[in-house]
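User: I am a first-year student, and I would like a close look at one part of this structure. Please start from a single place in the chain and then set it in the context of the whole.

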Amino acid sequence: MTGITLRGTVRARTPEGTWDVLKPEVARLGITRVARLTALDHLGIPVWTAIRPSAHTLVTSQGKGATDLLAKISAILEAAELWHAEQPVRIAERATHTELSPPYPMGALPVKVDHPALAGIELEWTAGVGLNSGEEVLVPADLLRREAHHDGLRPELFAVTSNGLACGNTRAEATLHALLETVERDVLHRDYVAGGQFRALIDPASVTDPYCADLIGRFLDAGMWLEIVHVGGPYGIPVFASYIWSEDYPIVFAGSGCHMLPEIALSRALTEAAQSRLTCIAGTRDDLDTHEAAFAAHPDKPDLAVLPVRDWAGCTGLHVDLEPDVGRLLLQAVATATSVTGHEPIAVTLHDAEAYAAVKVVSPGMEMRITRSIPRTRERHG
């Protein structure tokens with residue numbers, strides 16, 4: 001399996017090829033409109049939105065990319081992720097964890113409260129595939145369900161999020177993105193509970209990757225405050241977070257990214273921060289804060305965090321492999337995740353067709369970040 005290196009990503013298909021096969025799927029996914037948000041902000045970083053009026057969860061899904069076409073595809077696939085999470089889950093078994101004895105303890109899953117009694121509660125289970133062994137592994141079906149309102153008939157044991165849910169041109173591509181998302185969230189969680197012990201500031205002027213340097217230039221040319229941090233973790237896979245603030249919208253917006261290729265990880269963090277800002281400017285997400293208090297108070301520009309400083313050259317050696325091959329990158333990510341957690345990640349295929357694949361990756365032993373937003377540490381503690 002080969003990969004195509006694009007600005008900010010590695011894909012198994014060209015953007016034009018992806019759009020050709022994805023376009024006929026839009027109506028089936030309940031998407032009635034795909035709109036360009038880019039011009040609502042002066043940064044010029046492409047951000048699009050996909051609208052699903054009949055959604056059971058979020059009606060709007062945002063996507064970003066180096067070009068309008070990539071951002072449009074990203075928005076549609078983000079909407080597709082949630083559409084699949086809203087569909088009925090195929091049930092393979094109804095049993096307790098004790099009866100099934102899967103190769104991981106219940107406490108390695110995102111349970112709300114870890115207690116030995118959980119293993120004796122009857123659950124619905126669905127089939128996934130162990131990404132190391134290639135063998136069938138059962139996981140609780142509730143980990144895949146995204147519901148606006150719980151039916152009240154099933155115990156709510158798990159903190160269910162979209163973490164590990166991804167779409168891609170192929171199943172391998174979707175699985176890679178899903179797994180890297182779980183790694184990213186686990187690294188951010190570890191750093192958060194450690195009081196920012198694994199963070200270092202990155203000097204924006206030291207970033208030599210052309211695409212990332214262009215993104216940084218857009219923020220700085222617009223007079224925005226920008227903070228970039230590298231977040232270390234046990235996986236040795238680059239994770240970055242970025243934070244932006246401006247006088248015209250005096251809120252700190254954040255983005256994070258994870259990839260074996262550090263320039264892709266950083267570009268994702270930068271573009272996600274821009275996307276977060278544009279999402280609030282557009283005002284289509286009624287589940288987000290209005291920020292009225294910030295506009296009334298006129299808060300001062302934030303200070304940079306008091307952290308050790310690294311330059312970009314010190315981060316580029318953390319990648320596992322520079323080969324832009326989706327299958328190779330996936331194998332490396334699986335091996336690394338398994339060695340750190342002691343459990344193999346499990347992939348549940350939700351859709352696999354010519355147009356795209358949708359996958360939910362369950363990574364036993366990994367944690368989800370505590371807060372909804374990406375935490376920002378102002379100085380190390382502990």
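Analyst: Glu-122 is placed in the loop between α3 and β7. This is a predicted model, and every value below is computed from it. Is Glu-122 buried or exposed? With a relative accessible area of 55%, Glu-122 counts as exposed, because the cut-off for that class is over 50%. Not counting residues up to four places away in sequence, Glu-122 touches Arg-94, Ala-95 and Thr-96. A further relation in space concerns Pro-155: Glu-122 and Pro-155 are 33 residues apart in sequence, and their C-alpha atoms are 9.4 Å apart.

The loop that holds Glu-122, between α3 and β7, is also where Ser-101 is found. The two flanking elements are α3, residues 97–100, and β7, residues 123–130. Ser-101 is exposed, with a relative accessible area of 55%. The backbone of Ser-101 deserves attention: its phi is positive, at about 50°, although Ser-101 is not a glycine. Most residues other than glycine have a negative phi.

From this loop, one may turn to the chain as a whole. The chain contains 8 helices and 16 strands. Along the principal axes, its C-alpha atoms fill a box of roughly 60 × 50 × 45 Å. For 382 residues, a compact globule would be expected to have a radius of gyration near 21 Å, and the chain has 20 Å, which agrees. Buried residues account for 55% of the 382 residues. The chain exposes about 16500 Å², of which carbon and sulfur atoms supply 51%. When contacts between residues at least 6 apart in sequence are considered, 67% of them join residues at least 24 apart. As for charge, the chain has 33 positive and 48 negative charges, and the mean positions of these two groups are 3 Å apart.

Helix α6 offers a contrast with the exposed loop residues. This helix spans residues 262–282 and includes Arg-277; Gln-275 is also placed in α6. Arg-277 has a relative accessible area of 1% and is therefore buried, since burial means a value under 20%. Gln-275, at 13%, is buried as well. Which residues do these two side by side examples touch, leaving aside neighbours within four places in sequence? Gln-275 is in contact with Val-47, Gln-62, Gly-63 and Lys-64. Arg-277 is in contact with Asp-41, His-42, Leu-43, Met-224, Ile-244, Ser-246, Asp-248, Tyr-249 and Phe-253.

The aromatic residues provide another view of the interior. How many aromatic pairs does a search of the whole structure find? The search finds 2. In one of them, the rings of Phe-240 and Trp-312 have centres 5.8 Å apart and planes at 35°, so the pair is classed as tilted. Phe-240 lies in strand β12, residues 239–246, whereas Trp-312 lies in the loop between β14, residues 309–310, and α8, residues 326–341; the pair therefore ties together parts that are 72 residues apart in sequence. Phe-240 is buried, with a relative accessible area of 0%, and Trp-312 also counts as buried, at 4%. Tyr-249 and Phe-253 form an aromatic pair too, with 5.0 Å from centre to centre and 85° between the planes, an edge-to-face arrangement. Tyr-249 is buried at 7% relative accessibility, and Phe-253 is buried at 5%. Both Tyr-249 and Phe-253 are among the contacts of Arg-277, which links this pair to helix α6.

One further buried residue lies in a loop. Ala-305 is located between α7, residues 292–297, and β14, and at 7% relative accessibility Ala-305 counts as buried. A loop position may thus be buried, as for Ala-305, or exposed, as for Glu-122. Beyond residues up to four places away in sequence, Ala-305 touches Leu-201, Glu-227, Arg-376, Thr-377 and Arg-378. By contrast, Ala-305 and Leu-82 are 223 residues apart in sequence and 35 Å apart in space, from C-alpha to C-alpha.

Terms used. Residues numbered from 1 in each chain as written. Predicted model: local features only at pLDDT ≥ 70, side-chain atom pairs only at ≥ 80, totals over all residues. Heavy atoms only, no water. Helix = DSSP H or I, 4+ residues; strand = E, 2+ residues; numbered from the N terminus. Rg over C-alpha atoms; globule rule 2.2 N^0.38 Å. Buried < 20%, exposed > 50% of the residue type's maximum accessible area, 1.4 Å probe, protein only. Contact = heavy atoms within 4.5 Å. Areas by Shrake-Rupley, 256 points an atom, 1.4 Å probe, with all protein chains shown as cover. Lys, Arg positive; Asp, Glu negative; His and termini not counted. Charge placed at Lys NZ, Arg CZ, Asp CG, Glu CD. Phe/Tyr/Trp six-rings, centres within 6.5 Å; stacked < 30°, edge-to-face > 60°.
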